[in-house]
Amino acid sequence: MKRLVMLIVLLLASSVAWAQSEGPVEIGVITSLTGRFAEFGEQHQAGFAVALEDINAAGGINGREVVLNIQDDTSEVSVALTAAQQLIDAGVPLVMGAYSSSITNPLAQFFTRSERPFLVYTSSADNITMPGSEWVFRLNQPANAYSQVLFDLFDYLNEQGADIEKIAVIAGNGNFEQAVATAAEEQAADRGYEIVANESYDRGVTDFRPVLNRFRSQEPDVVFMVSYAEDSVAIMRQANEVGLDADLFAGAAAGFALPGFITDAGPAAEYVVTATAWTEDVVYEGAAELFERLTEELGGVEPSYHAAQAYAGLITAVDALSRAESFSPEDVQAALEATNIEETPYGPIRFEDFDGYQNQNPILMVAQQVQDGQFVTVFPGEELAENLIFPTPAWSER
């Protein structure tokens, strides 16, 4: 803990020392504490709790304590938009949110119309920052990055002698899922892979066997999946039931990257590779320590990257508010634009315009694999890739 607090002390020491008034500084948060995305909101709360401990131990915002005004969007867009207006009416200088891209994208449009700064720390749909807005800033990776790291892994395996050619895609029809599925199609076209199937499904579908049986007849080398929590579990259990074999089952984060995926899918989760934004094995200083503290905060449950994103999001918000000339929307926006944090346990944070994105943090993804009921980081890098179990054993051989 001391090392992380020292990082925050050094960060805040470079901030502009000023004070508008006495008393705590309140930062607004919109996330899912209830509803279908509540598991992600639980991860967010853990990240915020650890970040608050570090921030206030380091002096808060120019000597003022930081407190959070957390609003539950109940996993619904309409509730999130109501919460956004309430936070503006409450006068908070900066709002952070949310989990689901289907919620965050409307929020981004709302804050843009309201001309208020909005910091995105988890949602990944490309259209949140593409074309983006001068009022919206995102520190986490966009959807395209989830697909890119997996296709980088496919390329690497082929360079090592594998024969990955055919890919079957199954994805929910939500904003994030479809953004990643579209990116997968583009990556496949650019790199010479064949998409033999691309199936989308509606929210509430529980029987994926018809789709998986069609995949089975097409004999894909990779089954590429983009689904939330319950769906990811059902897809892998039913892949086992129908005997769908592939050299690689690749989940583009979302439900596949959660500890609950391993717990609920059980043996069916084994060998699944998933794109993820952060693990304890990333090269950033303090990552392993943060992982340990988040695990403790979650009562011994292994944290997903969403907790680390919440941690980094609050660190970024405090950095910007500490440097802002005032808490006016324009001054907070200017401070966010000038963000250049060289080191956090989540990675460096700065907001740039590139490849059609606006105010997007250009940060890398990693890939992990379920092995013996645990996530193991397997890519990028040859040393990490040595941990990968490939090809995936057939269901009949497990």
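Modeller: A cavity is a set of points on a 1 Å grid over the protein atoms alone where a 1.4 Å probe fits but cannot get out, and its lining residues have an atom within 4 Å of a point. By that rule the biggest one here is lined by Y99, S101, T122, S123, S124, Y146, F176, Y228, A254, Y305, H306 and Q309. Mind that this is a predicted model, where local features need pLDDT of at least 70, side-chain atom pairs count only at pLDDT 80 or more, and totals for chains, interfaces and linings use all residues. Residues are numbered from 1 along each chain as its sequence is written, and side-chain values use heavy atoms, with hydrogens and water left out.

Biologist: How many cavities of 30 Å³ or more turn up, then? And how much space lies in the largest cavity?

Modeller: The whole-structure search gives 3, and the largest cavity holds about 80 Å³. Volume means the space filled by probe spheres set on the points, with grid points joined across faces, edges and corners.

Biologist: What makes Y99 a nonpolar part of the lining, and S101 a polar one?

Modeller: Just the class list: Ala, Val, Leu, Ile, Met, Phe, Trp, Tyr, Cys and Pro are nonpolar, Asp, Glu, Lys and Arg are charged, and the others, Gly among them, are polar. Y99 is a Tyr, so it is nonpolar, while Ser is off both lists, so S101 is polar. The full split is 6 nonpolar, 6 polar and no charged.

Biologist: Which helix gives the largest share of that lining?

Modeller: Helix α11 (residues 305-323), with 3 residues. Helices are DSSP runs of H or I, at least four residues, and strands are runs of E, at least two, numbered from the N terminus.

Biologist: Why is the other space called a pocket?

Modeller: Because a pocket is an open set, with protein on both sides within 12 Å along at least five of seven lines. The largest has about 370 Å³ of space. Its lining counts 20 residues, and N144, A145, Q148, I363 and L364 are the closest to the centre. α5 gives the most, 5 residues. By class the lining has 12 nonpolar, 4 polar and 4 charged residues.

Biologist: How do you know that E53 and R293 form a salt bridge?

Modeller: The rule wants a side-chain nitrogen of Lys or Arg within 4 Å of a carboxyl oxygen of Asp or Glu. This pair sits at 3.5 Å, N to O, so it qualifies. E53 is in helix α2 and R293 in helix α10, 240 residues apart along the chain. The total by this rule is 9 salt bridges.

Biologist: What else do α2 and α10 bring together?

Modeller: Contact means heavy atoms within 4.5 Å. On that basis A46, G47, A49, V50, E53 and D54 of α2 meet L290, R293, L294 and E297 of α10. The classes there are 5 nonpolar, 1 polar and 4 charged.

Biologist: Where are the cis peptide bonds?

Modeller: One runs from G97 to A98, with omega near -25°, and A98 lies in the loop between β3 (95-97) and α4 (101-114). Another goes from M130 to P131, omega near 5°, with P131 in the loop between β4 (118-120) and β5 (136-138).
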